[in-house]
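Here's a quick walk through a two-chain model, written for someone who likes to know the cut-offs behind the words. Have the viewer open as you read.

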Amino acid sequence: MSTAPALSQLTPQATATERDTTPLELEDLYHRWKGLNPPVLDGVSLTLRAGEVTWIGGRNGVGKTTLLRLAAGILLPQRGSVRIGELTPASKGNHYRRQIGFLSAGDRSLQARMRVAQQLDYWARLAYVPRGRRAELVAVNLRRFGLEEFAERRVDRMSQGQRQRIRLAMAFLHEPRVILLDEPRNSLDDDGYQLLGEQIERAAGDGTTILWCSPRGEDRVLTSDTGYTLEDGHLERVE
Amino acid sequence: MRLWSDAMWGIIRRDAILFVSYRSQLVAQFLGPLFTITLFYYISHLLTIRTIHSPGGYFGFVIVGLVIVQILTISLGVMPVSVRQELISGTIERFLVSAHGPVNGILGTMLFPLINALFSSILMLALATVVFGLPLAATAFLAIPVALLGVIAFMPFAFFLVSLVMAFKQVSSASQFIVAGIAIVGGLYFPIAVLPGWIRWTAEVQPFTPATDLLRHLLVGTPLVHPAIDELLKLVGFIIVLLPFGVILLRSSIRYGQRIGTIAEY
């Protein structure tokens, strides 16, 4: 298990606000897609504590991805708020996003013709990982997700499962305080599934908040997490 | 600032890796300008135009126009397409969830095409000089800072088109019309003086004409109608007025997509 402090504590530009904030708070979120009724989210509130692993399930199209996109700051709330302490995606977007690791559903967001190590280095730069830590974090995450032997292979020559590991490595690489995972098991084999579980456990142990969505309860990696289902725009706790 | 520049360099490096991974593009980058120059070299042999006073005749006149067209085609044509490609492939998501952010990310996406356009322009001038004997003026080296200034002045137009891509997802035909229109009213292929009087005013209300006139003057010695300092001030004025407007427009289009939920659609 890594004992290194979180990147947000090391980055020189990290402000006191960033360091001292409590993890993710979603409050009264409302989102309605144009031309569609009813709203996909209607007054969703959720507070996630440091080190907590939370799972949200629900039918296809029920709004799980929309909820994660709002939490990631990709979408801005039509009503309600998303915040990490005083940071919100609308007011301090770049500072907010520095705290977030995000894995989208599907197999997008990779540069097909880059090599795996190049892809991770590219992401580390976008995530404002300081120059002195970039190579180390790329190497560590190649190892953590079983990608070392593929470091020099082009992304478009990797299998779907291997690509999913790269995408997962990007979500964890910059040591964010909150990690949002949308259907993280996609295409993973048993080894990949185990690695994912280990990394979630390790990150949570370091105080990282994890929120992840998948349609089925059996996709839950850890048994010790909190669970909710999303239905008709509302969250219901799963005991 | 260092983290910002590292991220920008990361995007330039990414685009350079993608560019060279398609090897035929490198060949096309050399052959395309060579064929274009050859075409206009022989066309210029057929023309004697009294309104052109460049030492190199029509060939010297049009070669600078071609360089500007090259930059325009890339800034107004290629950039919106590149951003649309980011939407389709989903790679724009990395900007949307990164500390670097979507506005900086899209600005970064514009850098490699611009560097490439400047490189192509230098290549085009070198071919015209070495292969076709274009007489470059002694002031040609001064064209580099003016070209950079010109590129900055063109950027707001690229921002406008990219904003349309972010909001409406598709603008490729619009950008072709705009480049063609600028080529006409900016005097890129022929002097403004040959245009009808009712449309000639358009040459005064955009940055392409002063940029082209200055570059022609510095590269091939074409006499300026207005003093050089006036043309330069005009160019700087366009930058001061248009650039903030372009950035605000880009930022607003991204916010609009984030609010209604279409930002990740394509």
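## Sheets, core and contacts

Let's start with a pair of residues: Leu26(A) has Val82(A), in β4(A), as its bridge partner. Strands here, like helices, are DSSP runs numbered from the N terminus (E and at least two residues for strands, H or I and at least four for helices). This is a predicted model, in which local features need pLDDT of at least 70 and side-chain atom pairs count only at pLDDT 80 or more, while totals for chains, interfaces and linings use all residues. Residues are numbered from 1 along each chain as its sequence is written, with chains lettered from A and ligands numbered from 1 in the order in which they are written.

Back to that pair. Strand β1 (residues 24-31) of chain A runs antiparallel to β4(A), and five bridges hold the pairing; two strands count as paired if DSSP finds at least two bridges between them. Together with β2(A) they make an open, antiparallel sheet of three strands, ordered β2-β1-β4. β2 (41-47) and β4 (79-84) of chain A are the edge strands, each with a single partner, so one side of each has no neighbour in the sheet. From one strand to the next the twist averages 10°. Helix α3 (residues 64-72) of chain A packs on this sheet, touching β1, β2 and β4 of chain A, and its direction makes about 125° with that of β1(A). Such angles run from 0 to 180 degrees between N-to-C directions, with axes fitted to C-alpha atoms (for helices, over the stretch in contact).

Chain A has another open sheet, this one of six strands with mixed pairing, in the order β5-β6-β7-β3-β8-β9. Its edges are β5 (100-103) and β9 (234-238) of chain A; each has a single partner strand, so one side of each is left without a neighbour in the sheet. Here the twist averages 20° from strand to strand. α3(A) packs on this sheet too, touching β3, β5, β6 (178-182), β7 and β8 of chain A, at about 155° to the direction of β6(A). Helix α7 (residues 160-173) of chain A lies across β5 and β6 of chain A and runs at about 170° to β5(A).

Strand β3 (residues 53-57) of chain A has four of its five residues buried, where buried means that 20 or more other C-beta atoms, placed from the backbone, lie within 10 Å of the residue's own (12 or fewer is exposed, in between is partly exposed). Four parallel bridges link β3(A) to β7 (residues 209-213) of chain A, and four parallel bridges link β3(A) to β8 (residues 226-231) of chain A. Some of the residue pairs along β3(A):

| Residue in β3(A) | Opposite residue | Strand of the opposite residue |
|---|---|---|
| Thr54(A) | Thr226(A) | β8(A) |
| Trp55(A) | Trp212(A) | β7(A) |
| Ile56(A) | Tyr228(A) | β8(A) |

Overall, chain A has eight helices and nine strands, and 48% of its 239 residues count as buried. Take contacts (C-beta atoms, placed from the backbone, within 7 Å): among those in chain A between residues at least 6 apart in sequence, 71% join residues at least 24 apart.

Which residues have the most contacts inside the largest nonpolar core? They are Ala71(A), Ala169(A), Leu180(A), Ala158(B) and Val162(B), in a core of 133 residues. Helix α3 (residues 57-89) of chain B gives the most to this core, with 17 residues. A nonpolar core is a set of buried Ala, Val, Leu, Ile, Met, Phe, Trp, Tyr and Cys residues joined through C-beta atoms within 7 Å. Beyond four places in sequence, Leu180(A) is in contact with residues including Leu68(A), Ala71(A), Phe102(A) and Leu211(A).

Where the chains meet, 26 residues of chain B are in contact with 30 residues of chain A. On the chain B side, α1 (2-21), α4 (92-96) and α10 (228-260) each supply at least two residues, and α1(B) gives the most, with eight.

How confident is the predictor? pLDDT, its confidence in each residue, goes from 0 to 100. Chain A has a mean pLDDT of 88, with 87% of its residues at 70 or more; chain B has a mean of 88, with 98% at 70 or more. Residues 1-20 of chain A stay under 50. The model scores ipTM 0.87 and pTM 0.87.

Conventions
Two residues are in contact if their C-beta atoms, placed from the backbone, lie within 7 Å. pLDDT is the predictor's confidence in each residue, from 0 to 100.
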